[in-house]
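Visitor: I've got the structure open and I'd like to know what stands behind the labels people put on it. Could you walk me through it?

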Amino acid sequence: MEYEEIIGTALLTGDHDTGMRRATCKLAASTAMFCGCGAIHDQRKIHVVEIVHNEGKEQTIAALCPACWTKNQAAIERVAKKATKDYVEAKQTPPVVRVSTWGRFIIVKGE
């Protein structure tokens, strides 16, 4: 899918979340063509780990193939928990750690 098609479909259907996920996956797959393990990223299979800050700013911290996501999921959850604890102790609202895939958002629980 081209960016124009992704964005146009999101605008016409009102499904902005799908448009954002798919544009994020396409951009990550074309920017970081290879996973750390050497696998070639596919826009429909990539897992893009992002931090969504309170002011709405999104920051990509990793682009992983499905195998690396599965292998590293527990470690990413531990990092999210530690970050959440640090923010709560500082009496601040913690950011959300999420994973964008072609088909859905996965919220990484930091509780």
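**Labels and the values behind them**

Guide: Let's start with Arg98, which has a relative accessible area of 12% and is therefore buried. Keep in mind that this is a predicted model.

Visitor: What makes Arg98 count as buried?

Guide: The cut-off for buried is under 20%. Arg98 comes out at 12%, so the word fits.

Visitor: And why is Glu58 called partly exposed?

Guide: Its relative accessible area is 35%. Buried would need under 20% and exposed over 50%, so Glu58 falls in between.

Visitor: Why does the contact of Glu58 with Arg98 go down as a salt bridge?

Guide: The rule asks for a Lys or Arg side-chain nitrogen within 4 Å of an Asp or Glu carboxyl oxygen. Here the N to O distance is 2.9 Å, so the pair qualifies. The two residues are 40 apart, with Glu58 in strand 2 and Arg98 in strand 3.

Visitor: What makes Glu50 part of a network?

Guide: Glu50 also forms a salt bridge with Arg98, their closest N and O atoms being 3.1 Å apart. That pair joins strand 1 to strand 3 across 48 residues. Glu50, Glu58 and Arg98 are thus linked in a network of salt bridges. Glu50 is buried, as is Arg98.

Visitor: How do you know that Glu89 and Lys85 form a salt bridge?

Guide: Their N to O distance is 3.9 Å, and the limit is within 4 Å, so they pass. Both sit in helix 3 (residues 66–89), four residues apart, so about one helical turn separates them. Glu89 is exposed, because its 55% is over the 50% cut-off.

Visitor: How many salt bridges does the rule give?

Guide: The count comes to four.

Visitor: On to the sheet, then. Why are strand 2 and strand 4 called edge strands?

Guide: The sheet is open, with four antiparallel strands in the order 2-1-3-4. Strand 2 (58–64) and strand 4 (105–108) each have a single partner strand, so one side of each has no neighbour in the sheet. From one strand to the next, the twist averages 25 degrees.

Visitor: What makes strand 1 and strand 2 a pair?

Guide: At least two bridges are needed. Strand 1 (residues 47–52) and strand 2 share six, in the antiparallel sense, so they pair. Val52, for one, has Glu58 as its bridge partner.

Visitor: Which helix lies across these strands?

Guide: Helix 2 (residues 16–31), which lies across strand 1, strand 2, strand 3 (96–100) and strand 4. Helix 2 runs at about 115 degrees to strand 1.

Definitions and conventions
Residues numbered from 1 in each chain as written. Predicted model: local features only at pLDDT ≥ 70, side-chain atom pairs only at ≥ 80, totals over all residues. Heavy atoms only, no water. Axes fitted to C-alpha atoms, helices over the stretch in contact; angles between N-to-C directions. Contact = heavy atoms within 4.5 Å. Buried < 20%, exposed > 50% of the residue type's maximum accessible area, 1.4 Å probe, protein only.
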